[in-house]
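User: Please take a close look at one part of this model, a sheet and the strands that build it, and explain how its pieces fit together.

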Amino acid sequence: MRTTATDIMRNRVKVLFTLLPFYLFTFLPLSVSAQPEISVLQPGQAVDGTVYFLPKTTLQVHLLIEKTTYTPGEFARYAERYLRLSDIAQQEQVSHSIVRFDVSTVGVRDTSKCYLVRLKGKSKTTEINLSDDGILQAVNDTPIRLTPHQTFRPARKPKITNPMQLLGREALQAGSTAKMAELTAQQIQELKEQRQLLVTGEADEMPQDESQLRLMINEIDAQCDALTSLFTGTISRDTTEQVLTICPDRELEHDVLFRLSRRLGLVDADDLSGVPFYLTLKKLNDAEGIPAPDNKKHEGFYVNVPTLARMTIEQDGQQLATFDIPFAQFGFVDLRDGGLFKGNNTHLQLHPATGAVVKMTTDAEQ
């Protein structure tokens, strides 16, 4: 079969289209990778100074939530018949309530306040202390350590007596629950009569002294309460601490802080099964100062000048808690000029949660 010039040209076109993806794959990354690299300032020592951040104030709202559980007794249905007790619940009931509110503050890195300090000449600055995430804490001084919030620790629960262990032999051998309830009610009545005889001094065997008498009466009361709980049920309470973290960048007006479900406890803010608790945050004054610098390379140290804001927690129109808290992000920044760190050894301490100056002294002042 003869090969014509047309066939040769057709084969060359096929080869070209076959290799075209290979050439594109080979040369395309060369043009894509040729882009400028962007470097980000990292906190700590830099070539021409020290990079640091100022903090943003973050709220930690501590909620003490009490869970109350009612457990019906074994003889709940017979409470009215044998003990004349009405309105005794027959089903388990669970409820949650807020016992206490508390607030603490911490500082987190404010990425909009990143600075590079350059101290020229004969600077006395020898030590710049940063937190683990690069927040300026102190210069030529030790950082301030805030007292941490005391985590709630529930008290040890008292030992609970099992009332079934106090039942008499006849009650334990009864053939029905109704009969057990009847015999238990009789046992409760006998204990009350025995207590009355001790109080009036008519018991066959009276104790020798008052302390022994009180001990016997307390023992009878404990047995009566335990046996009565078989009719009335028991109530247990468990208190736990929940922490909500909030970092506001603006004032807040009646924002949902959290929701509390009577049965489930703390639920999400958008879970309509819970009752809403609202947060309002208002600045008490409008601080005015220098704006954040355009040139973030400077001599000296920028610090925060926070603004006081009032935080209010309310539910159903009722104020439950109010706190006045300084916020770094509602204030402004101020420069402690580099000249302060020349000639004299200047000591600077900043508040960890606000970045405000707590102490600034020089050796000449001390």
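Analyst: In this predicted model, Gln315 has Gln318 in strand S12 as its bridge partner. The two strands concerned, S11 and S12, form a hairpin with two residues between them, and in that turn Asp316 has a positive phi of about 55 degrees. Beyond the turn, S11 and S12 run antiparallel and are joined by 15 bridges.

On the other side of the pairing pattern, strand S11, which covers residues 300-315, also pairs with strand S9, residues 275-283, again in the antiparallel sense and over six bridges. One of the residue pairs to look for here is Lys282 with its bridge partner Arg310 in S11.

These pairings belong to an open sheet of five strands, whose order is S8-S7-S9-S11-S12 and whose pairing is antiparallel. Strand S8 (265-267) and strand S12 (318-337) stand at the edges of this sheet, and because each has a single partner strand, one side of each is left without a neighbour in the sheet. The strands are also turned against each other: between neighbours in this sheet the angle is 30 degrees on average, with direction ignored.

To trace the arrangement in the structure, you can therefore begin at the edge strand S12, which has a single partner strand, cross the hairpin turn with Asp316 into S11, and then follow the order of the sheet from S11 to S9, S7 and finally S8, where the other edge is reached.

Note on methods:
Residues are numbered from 1 along each chain as its sequence is written. This is a predicted model: local features need pLDDT of at least 70, side-chain atom pairs count only at pLDDT 80 or more; totals for chains, interfaces and linings use all residues. Side-chain values use heavy atoms; hydrogens and water are left out. Two strands pair if DSSP finds at least two bridges between them. Helices (H or I, at least four residues) and strands (E, at least two) are DSSP runs, numbered from the N terminus. Axes are lines fitted to C-alpha atoms, for helices over the stretch in contact, and angles run from 0 to 180 degrees between N-to-C directions.
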